[in-house]
Amino acid sequence: MDYFEFLDLPFSDPVLIFGLVMVIILVVPILAKKLRTPDIVGLIFAGAVIGQGALGLLERDDTIILLGTVGLLYLMFIAGISIDLEKFSKFRSISLSFGLLSFGFPMAGSLLLAPSLLGFDFESSLLLGAIVGSHTLLAYPIANRLGIGKNKAVTMSLGATIVTDSLSLTVLAIVAATIHGDISLSFWMTFIGFVSLYLAAILFTLPRLGRWFFRNVRGQTNIEYVFLLAVLFVTAYAAQQVGLAAIIGAFLAGLTMNRLVPENSTLMSRVHFVGNALFIPFFLISVGMLVDIRFLVTVEVWLVAALFTALVLVGKFLAARIAQLFFRLSGDERWVMFGLTSPQAAATLAVTLIGFDLGLFDELAVNAVVILILASCFVGPWLVDFYGRKVVLHEEKESLKSTDAPERILIPLSNPENAEALMDIALMIRGKKSSEPVFPLTVARDSPNVEAAVATGEKLLSHAVVHAAAADIPVIPVTRVDHNIASGILRATKELRISDIVIGWNGEITARQRIFGSILDQLLEQSDETVLVSKLDQPVNTTGRVLLAIPPMSQYEPGFGNSFQTIKKLINQLGAKPVVLATESNLTLLKPFIEKQDPELSAEYKTVHNWNKIAEILEEHYDDNDLVILFSSRRGSIAWHPLFERLPGQIIRGFNPGNLIIAYPAEVEEHHKPTAVLRFDESPLVPDISANQIYIASDGESSHHNAIEKMVQSFFSDRKDVTTEIAQQLKVLDPDNLPGDLPGVMLMHHSTHHVTEPVLLLAVNGDGFHVRKVGEPVKIMFILLSPTHMSVQRNLLILNRLGRMIGRAEIKNRLGRAKNIDEIKEILSAKLTINIGK
């Protein structure tokens, strides 16, 4: 008895068809999880069961083909918009190499075996090579779900997909033109010309169009999403018109929108949700419906399918193995690459059907390709799911350090106009593997109208909660009542054990404010956490570059490492090009941290010779699409300088950037264990200095090397060997700058076992020493000799005190004009006291 004989099969009612597909999309992932099978495999199998080749419930008609095509294009779009562009650019050459290998080995196998084993002519063998050489990123959603979407192996596989599918469809075009007798020089010129014009138009126009759109359409996520869909399908259609595959156009559309849609944004969450819940499952079901079980009963079709499958699996494995050896990947990453590049679906099906229409393939070959598609679509996702989990465990094990700590972000809100922008910054700096919620906060001032203030704050919090929830980020809204707004923020910070604070600033500067205003100034003075003071007048996702200014000595702040990592995450999320402005010695220290540690960034570096002119330098480099991020320090910290309190006002009055973030590193140790917070009073903390440690240059003397020899010789007068050794070591050192990059002042620091306590040497030259790496004459030169056993922290405290003392214009000018040792000692004796702790 036919169980479905009372039904009209296949279903024709559109409501029933859609309902059945929705039930499959709902039930299959649940069953697959219980069976420990990837969802993708389950959906393909379900498509095979309900298709014409089995139960016959649904026909693979134009509607199913349409939705399946949409799902495939959407899958490629997600791959493009989610890829790490920095790594994609960095690995483009090895992605190209891997793509050529991944296409070349199966193609070679086809040309070698198909004529002898299957009796194919050259054109048929070439077209078969195009089929088995291509692949579809069917398993990419699994890699993305596991959190390895930006892994090097996955990024290489994404790049290889463009190479293999482009080569596959190019071979198809050549074979088809050969069959029709259209191959000629004009064919190649036309094809290359149209493709070049298409690529130029897409890569030049779309990023600018997207930036304009997102700047002018703000806070309307639905319209933003429709814009992305329009870009996707128009670009895919245009690709078809110039002779490329629509999937290549979809991937390019994703690449061009990549920098405009941050990974942790609400818009990206919507892109993934719709794709994973609707479009991509339709594509997978449509792939399964290709299987016709009636043709699977003959031995011959299975033998041909086995050969096709062997060409794919052996060729793709050899490519993955060679890539692993040459590009230093792990064994698990090799299997992930193999799993990503094995599935056959999109280009495979397109080339096969056209080959059938051209008479190059018979029904036996077409059915063998269908079996190949089914087999590869089972093997690939399973490999990515199984070995991808091992890659995740390995990455987590490598990233676990004693510095890791709960990442809790507090966002004090008061202005509805910048609330969403501040929430976006918080979502972007939140680690993608973090399980901690974000904490939007409103503080109501305790007054007779406190209830109304609380109600207004709760309304603002409700919008923040909805915004974060749309990005699938846990959020806990917080309300506090306090007589003082800053005190309310500080109390919430302590109660919630906050690590980072993202707070807004309106950019207004008045004579009564010290830096930002009473609330922000109090918060900075009394908190120890990382604080990002943010003036956001433009959508941050339209950022083209990030101007990152890092003052001297900032890297020695106790919390600089974690704070800098936070900024790196923000830059990585924005997909913007960082331009790092710092002194030469700072750049030497920071480059490895920027380029080698995740997230890896490819940055441009600008040397700042005079930090006092940083506002002018930023204005010189600033463009309307730039985000300016300035590292600063709290008063009394190691890197603090009076200039920091003037800089925000100088920047606002100078060129008033649309988006400005001033980052204050945490003042606790990076492992977050209780520690003494580095707060200093105004008492100096530098070594005493006597007559034999001071050198005054004679008129016309310009060599700082000569001054070094004289100072060291005077201090170590009875130890000629030590004098020679230390003088030579100092001469080869690059001069460093004191905090604040003080003009006319130079510091040389050297650790040696020849001293048992810190020794400070001073040279003064009214005309100035000429030092090659210092932009202007050096009138005051300090040499700090530290014992090798002394802690780095104690050295930094001394350097900080020197910078703060000499940073006073009166002292610096008096020292520069001093004519004798007694005058110098008189100036210093009023400011320096011996206070060196061991």
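Let's start with one residue: Phe386 is partly exposed, with a relative accessible area of 35%. Phe386 sits in helix α16, which covers residues 363-399. Some 54 residues away along the chain is Asp332, and the C-alpha atoms of Phe386 and Asp332 are separated by 9.2 Å. Keep in mind that what you're looking at is a predicted model.

**The overall picture**

Stepping back, the protein has 838 residues, and 56% of them are buried. It holds 29 helices and 14 strands. Take the contacts with a separation of 6 or more, and you'll find that 80% are between residues 24 or more positions apart.

How confident is the predictor? The pLDDT averages 80 over the protein, and 87% of the residues score at least 70. Two stretches deserve some caution. Over residues 399-404 the pLDDT is below 50, and this stretch has six contacts in the model beyond near neighbours in sequence. Residues 832-838 also stay under 50, though here the model has 19 contacts beyond four places in sequence.

**A pocket to explore**

Now for the empty spaces. The second largest pocket offers about 1,100 Å³ of space. It is lined by 36 residues, and those closest to its centre are Asn144, Arg145, His272, Asn276 and Asp472. Sorted by class, the lining has 19 nonpolar, nine polar and eight charged residues.

Which helix gives the most to this lining? That's α12, with eight residues. The helices that each supply at least two residues to the lining are α1 (14-34), α2 (39-50), α3 (62-82), α7 (140-146) and α12 (266-288).

Two of these helices are worth a closer look. Helix α2 has twelve residues and reaches 17 Å from its first C-alpha to its last, close to the 16 Å expected at 1.5 Å a residue. Nine of those twelve residues are buried, so α2 is largely enclosed by the rest of the structure. The buried ones are Ile40, Val41, Gly42, Leu43, Ile44, Ala46, Gly47, Ala48 and Ile50.

In helix α12 you'll find Thr266. Is Thr266 buried or exposed? Its relative accessibility is 8%, so it counts as buried. Setting aside neighbours within four places in sequence, Thr266 touches Thr221, His467, Ala470 and Ala471.

**Closed spaces inside**

The structure also holds three cavities of 30 Å³ or more. The largest cavity has a volume of about 150 Å³. Among the 18 residues that line it, Ile83, Lys150, Asn258, Asn572 and Gln573 are the closest to its centre. Its lining counts eight nonpolar, five polar and five charged residues.

Helices α3, α4 (85-90) and α21 (560-574) each supply at least two residues to the lining of this cavity. Of these, α21 has the top contribution to the lining of the largest cavity, with three residues. Helix α3 appears here again, having also supplied at least two residues to the lining of the second largest pocket.

**Two residues with a positive phi**

Most residues other than glycine have a negative phi. Two loop residues in this model have a positive one, and here they are side by side.

| Residue | Phi | Loop | Relative accessible area |
|---|---|---|---|
| Arg328 | near 55° | between α13 (299-327) and α14 (331-341) | 78% |
| Asn656 | near 45° | between α24 (643-654) and β10 (659-664) | 40% |

Where do these two stand on exposure? With 78% of relative accessible area, Arg328 is exposed, while Asn656, at 40%, is partly exposed. Arg328 lies in a loop between two helices, α13 and α14. The loop of Asn656 instead runs between helix α24 and strand β10.

Technical notes
Residues numbered from 1 in each chain as written. Predicted model: local features only at pLDDT ≥ 70, side-chain atom pairs only at ≥ 80, totals over all residues. Heavy atoms only, no water. 1 Å grid on protein atoms, 1.4 Å probe; cavity = no way out; pocket = protein on both sides within 12 Å on 5 of 7 lines; lining within 4 Å. Points joined across faces, edges and corners; volume = space filled by probe spheres on them. Helix = DSSP H or I, 4+ residues; strand = E, 2+ residues; numbered from the N terminus. Nonpolar A, V, L, I, M, F, W, Y, C, P; charged D, E, K, R; others polar. Expected span 1.5 Å × (residues − 1). Buried < 20%, exposed > 50% of the residue type's maximum accessible area, 1.4 Å probe, protein only. Contact = heavy atoms within 4.5 Å. pLDDT = per-residue confidence, 0-100.
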